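I opened the model to look up salt bridges, burial, pockets and ring pairs. My notes follow in the order I took them.

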Amino acid sequence: MTGFYPVLAIATETETADPSLILAGVLLSLVMIYFASKLGGELCSRIGLPAVLGELVGGVIIGVSAFKFLVFPEGGLGAEDSLIIQLLQNTANLTPSTEEAVFHSMSEVISVLSELGVIILLFEIGLESDLKELIRVGPSAAIVAVVGVAVPFILGTLGLLYIFHLPLVPSVFAGAALTATSIGITAKVLAELGKLSSEEGQIIIGAAVLDDILGIIVLAVVASLAKTGEVQVSQIVYLIITAATFLIGTILLGRLISPWIVSMVDGMRTRGSILITGIIFAFILAYIANVIQLEAILGAFAAGLVLAETEKRKELEKQIIPVADIFVPIFFVCVGAKTDLSVLNPAIPTNREGLIIASFLILVAIIGKVVTGYTVWGQPTLNKLAIGVGMIPRGEVGLVFAGVGSASGALDPATDAAIIVMVIATTFIAPPLLKLVFKDEPVEGETVIN
């Protein structure tokens, strides 16, 4: 355990915080995260709701909206707001002079673990997906993705411009936030329902991946608009080319080197060789995606798709489960913990305008995604409503849009609050709706008895 301290010390060499206190804060935070995820997940499972919804609710309860065990600096809070910090003061001799440094450092560690969680989740989802099936549903997924970006963006932007008379830049930012789809939340629910490998599930996953790419491009455009007042066409072209090159190149190259990876693993004698090799491959592709301005989760998903084509698929799927059980709940609890429900309080005057705008955004957010399922033609047996519902949750992706808009000064408090409310509503309403629309369909692997 002492080997962990120098790493923390390097990360905080400009601070006066004791690395052992940072570690203590991280450990307490993880205890609260795992407790909240298990309690919320169990309760939701017992009443017939997806466990992921319980993890989100558990995060809300221990986060900024309730008990404030798990809070983060980006929410505008400090060490004095964190109950973890107060516990450290009472049990580990944390001094007031170093509490801010400890708070910021431990928050950074938890945020990194949260990002690792969603990377591992998308790697697991990639392993459970069928590349041939994704390619087969590719045209349908592309249509769903394009419509799911275009319709909410156009309706949201024009509505805010001409109904609420907001300025152009805030309207465009809010419209852009409506384009996002949280692949992590939807994929987890589909997996729990046993629908991940269904045709509907593959269309949803494929469309959500494309949504991420289109969302990155839209975000780059509106961020450029907010900063310079003009759209940089070169940046749009760069993002489109890099996204297409990365995904196609990764899959083609991966299929060439995957036999070499398998033979290398077969020659290893140490424990966990297939798991560690798979994670290394996933992290390398996630790193490449990150440095070329794409999302790291796209790289992890691509890695899963490539390794799913090998003979080691089943073994790797089995071995990744306990790793996902450790890291993935951190991501979902942190999404809930960062959700500030105080923006829903109509007693606060500044929230009222935001709530009215939020009602409009929620309506557009739901309709704009639900209609996407009905753009898939020629497949009468397809559950089109399920496809549209699966695209509804904005989750952490929508919060990124709100965060960028707020940090750039493009959003006033009312519009910022409205976007956050929209993200909250779509994130929490999608899991039970998804279960409802799949209610009468058999789970994968079940035998239907007539």
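I looked up R255 first and found it partly exposed, at 40% relative accessibility. The cut-offs are under 20% relative accessible area for buried, over 50% for exposed and in between for partly exposed, with a 1.4 Å probe and protein chains only. R255 forms a salt bridge with E309, with 3.6 Å between the closest N and O atoms. A salt bridge here needs a side-chain nitrogen of Lys or Arg within 4 Å of a carboxyl oxygen of Asp or Glu. This pair links distant parts of the chain, 54 residues apart: R255 is in helix 11 (residues 233-266), and E309 is in the loop between helix 13 (296-307) and helix 14 (313-337). E309 is also partly exposed, with a relative accessible area of 27%.

I note the basis of these values: the model is predicted, local features need pLDDT of at least 70, side-chain atom pairs count only at pLDDT 80 or more, and totals for chains, interfaces and linings use all residues. Residues are numbered from 1 along each chain as its sequence is written, and side-chain values use heavy atoms, with hydrogens and water left out.

Next I checked the chain as a whole. I find 18 helices and zero strands; these are DSSP runs numbered from the N terminus, helices being H or I of at least four residues and strands E of at least two. Of the 450 residues, 54% count as buried. I also looked up contacts, meaning heavy atoms within 4.5 Å. Among those between residues at least 6 apart in sequence, 76% join residues at least 24 apart.

I went back to the salt bridges, of which the structure holds six. One of them joins K369 and D211, whose closest N and O atoms are 2.9 Å apart. K369 sits in helix 15 (residues 349-370) and D211 in helix 10 (residues 199-228), so the pair links distant parts of the chain, 158 residues apart. Are these two residues buried or exposed? K369 is buried, with a relative accessible area of 0%, and D211 is buried at 2%.

Another salt bridge is formed by the side chains of R313 and E317, at 3.1 Å from N to O. The two are about one helical turn apart, because they lie four residues apart in helix 14. An α-helix has 3.6 residues a turn, so residues three or four places apart point the same way. E317 counts as buried, at 17% relative accessibility.

I then looked at helix 8 (residues 168-177). Eight of its ten residues are buried, so helix 8 is largely enclosed by the rest of the structure. The buried ones in helix 8 are P170, S171, V172, F173, A174, G175, A176 and A177.

Pockets and cavities came next. On a 1 Å grid over the protein atoms alone, a cavity is a set of points where a 1.4 Å probe fits but cannot get out; a pocket is an open set with protein on both sides within 12 Å along at least five of seven lines; lining residues have an atom within 4 Å of a point. Grid points are joined across faces, edges and corners, and a volume is the space filled by probe spheres set on the points.

The second largest pocket has a volume of about 550 Å³. It is lined by 24 residues, of which G206, V209, L210, L247 and I251 are the closest to its centre. Two or more lining residues come from each of helix 6 (131-136), helix 7 (138-162), helix 10, helix 11 and helix 13. Helix 11 gives the most, with seven residues. By class I count 22 nonpolar, two polar and no charged residues in this pocket's lining. Nonpolar means Ala, Val, Leu, Ile, Met, Phe, Trp, Tyr, Cys and Pro, charged means Asp, Glu, Lys and Arg, and the others, Gly among them, are polar.

There are three cavities of 30 Å³ or more, and the largest holds about 60 Å³ of space. Among the residues lining the largest cavity are I261, V262, V265, T277 and K312. Its lining has six nonpolar, three polar and one charged residues.

Last, I looked up the rings and found two aromatic pairs. F331 and F332 form an edge-to-face pair, 5.0 Å centre to centre with 65 degrees between the planes. Rings of Phe, Tyr and Trp (its six-membered ring) pair if their centres lie within 6.5 Å; planes under 30 degrees apart count as stacked, over 60 as edge-to-face and the rest as tilted. Both F331 and F332 are buried.
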